Amino acid sequence: MAGVLVTRQFRSLTETALASLAVAACYYAAGRLGLLGRLVVESVVVTPIWPPTGVAVAALLLLGARVWPGLALGSFLVIASLTTPGPTTLVTVASNTVAPLCSFLLLRRVGFRLDMARLRDGVALVFLGGFGAMLISATAGVGLQVATGSLHRSEFWAVWLAWWVGDTMGVLLVAPLLLVLGRPAGRFRLERWKEAAFLTLATVVLVPLAVLSPMSVLFLVFPLLIWAALRFQLVGSMLCALFASVLTTFEATSGRGAFLHLSDVEIMVKLQAFNGSAALTALLLAAVITEQRATRRSVRRACQELAEVLEHLAAGDPPPDPPGTAGSGAAPRGGQRDP
């Protein structure tokens, strides 16, 4: 018996270690991708979208808090790829680990569902998992630079805002998409494939046109987000929003298209306003549509059950048992059926 318990514990530890290593690898890869779109605010390099925060929150929600060492390891590897680790690295790694953990705990506290089939799930992810929890990493990261003298106090709020919004955008754009892709896919009718292909084509054509045009027509993206949310719910809207935000971020870092002739601060403000609006529109609208469809399905099932009951009553038969209950012909407690 003791050998069986030891084997089970060893297997559990092995699974946790492998899951943590996989999370660390995904975190590091997301960090390297996020660093491709960097901006300079008050002589500090920031990322308008920091995908590792979304990877971290999604990993905790899907795999549990046991994979938190993977977050710490991934954060350390990202920092080590940029500079030589020092004593302050521990503080940064800790804040990058604690912030997603707080997001996970807050979401679990309010009964967050992984399918995000309710509006309250979308609101919780935005305000608790994103805006609220990411205050920790932004405050610790920028505060550490002020404490070490790398950043002047007068520059704190500008850098803090850019850091906080970047971490939040990672949660709002990446985490919902990973949660959707992490659950089993349903059937897709041929008509939906055709519409999905047409939406993809429209997105590939209109989003670059809106981003690359110097006439500032970024608003052309929002009809596509609405279309994707109405017809394909979360997976369609978040894919569309992520594509638009990533492309817009790369153009902003190059100072081209809609961001031509703007200062660094103006670029950051315009970019974060667009990314935030796109993420909120895609996430909350898709959550509303998903909840409405689930409500309609529940009402339809209730109407069907009521119709069956009325048919049996009209025919003089006893009504059918509700789903999940024993049949009416079951034997009584004495073990014999009534004559």
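Select glycine 64 to begin, and look at its backbone: just after H2, this residue takes a positive phi of about 100 degrees. The model is a predicted one, and every value in this tour is to be read with that in mind.

**Helix H2**

Step back from glycine 64 into the helix that precedes it, H2, which covers residues 51–63. Its 13 residues should span 18 Å at 1.5 Å a residue, and because the end C-alpha atoms are 18 Å apart, the expected and computed spans agree. Is the helix mostly covered or mostly open? It is mostly covered, with 11 of its 13 residues buried. Colour Pro51, Pro52, Thr53, Gly54, Val55, Ala56, Val57, Ala58, Ala59, Leu60 and Leu61 to see these buried positions.

**Valine 171, beside H2**

Keep H2 displayed and add valine 171, which belongs to helix H7, residues 156–181. Draw a distance from its C-alpha to that of valine 55: the two residues are 116 apart in sequence, yet 7.7 Å apart in space. Valine 171 has a relative accessible area of 0%, and therefore counts as buried. Which residues surround valine 171, once its neighbours within four places in sequence are left aside? The contacts are with Thr53, Gly54 and Val57, then with Leu125, Gly129, Gly130 and Met134, and finally with Pro176.

**The enclosed cavity**

Two of those contacts of valine 171, Thr53 and Met134, also appear in the lining of the largest cavity, which is the next selection. The count of cavities of 30 Å³ or more comes to 1, and the volume of the largest is about 40 Å³. To display its walls, select Tyr27, Trp50, Thr53, Asn96, Ala99, Pro100, Met134, Ser137 and Asp167. Helix H4 (87–109) and helix H6 (134–147) each supply at least two residues of this lining, and H4 gives the most, with 3 residues. Coloured by class, the lining shows 5 nonpolar, 3 polar and 1 charged residues.

**The second largest pocket**

Turn now to the second largest pocket, with a volume of about 800 Å³. Its lining is made up of 27 residues, and those that lie nearest its centre are Ile79, Leu82, Thr92, Gln145 and Trp163. Strand S2 (44–46), helix H3 (68–80), H4, H6 and H7 are the elements that give two or more residues to this lining. H4 again deserves a separate colour, as it gives the most to the pocket lining, with 4 residues. By class the lining divides into 11 nonpolar, 14 polar and 2 charged residues.

While H3 is in view, trace it from end to end: its 13 residues reach 19 Å from the first C-alpha to the last, close to the 18 Å expected at 1.5 Å a residue. Within H3 the buried residues are Gly70, Leu71, Ala72, Gly74, Ser75, Val78 and Ile79, and Ile79 is also one of the residues nearest the centre of the pocket.

**Arginine 118**

Follow the chain beyond H4 to arginine 118, placed in the loop between H4 and helix H5 (119–132). Is this arginine buried or exposed? At 13% relative accessibility it falls under the 20% cut-off, and so arginine 118 counts as buried. Show side chains here, since that of arginine 118 makes a polar contact with the side chain of aspartate 121, at 2.8 Å. Apart from neighbours within four places in sequence, arginine 118 is in contact with Gly111, Phe112, Arg113, Ala287 and Glu291.

**Two positive phi values**

Most residues other than glycine have a negative phi, and two further selections depart from that pattern. Glutamine 233, in helix H9 (residues 221–254), has a positive phi near 55 degrees and is buried, with a relative accessible area of 16%. Histidine 261 has a positive phi near 65 degrees and is found in the loop between H9 and helix H10 (264–314); with a relative accessible area of 73%, histidine 261 is exposed.

**The whole chain**

Finally, zoom out to the protein chain, which has 10 helices and 2 strands. From the N terminus on, its elements run α-β-β-α-α-α-α-α-α-α-α-α. Of its 339 residues, 42% count as buried. Among contacts between residues at least 6 apart in sequence, 72% join residues at least 24 apart.

Conventions: Residues numbered from 1 in each chain as written. Predicted model: local features only at pLDDT ≥ 70, side-chain atom pairs only at ≥ 80, totals over all residues. Heavy atoms only, no water. 1 Å grid on protein atoms, 1.4 Å probe; cavity = no way out; pocket = protein on both sides within 12 Å on 5 of 7 lines; lining within 4 Å. Points joined across faces, edges and corners; volume = space filled by probe spheres on them. Nonpolar A, V, L, I, M, F, W, Y, C, P; charged D, E, K, R; others polar. Buried < 20%, exposed > 50% of the residue type's maximum accessible area, 1.4 Å probe, protein only. Polar contact = N/O pair within 3.5 Å; in protein donor to acceptor, adjacent residues only side chain to side chain. Contact = heavy atoms within 4.5 Å. Expected span 1.5 Å × (residues − 1).
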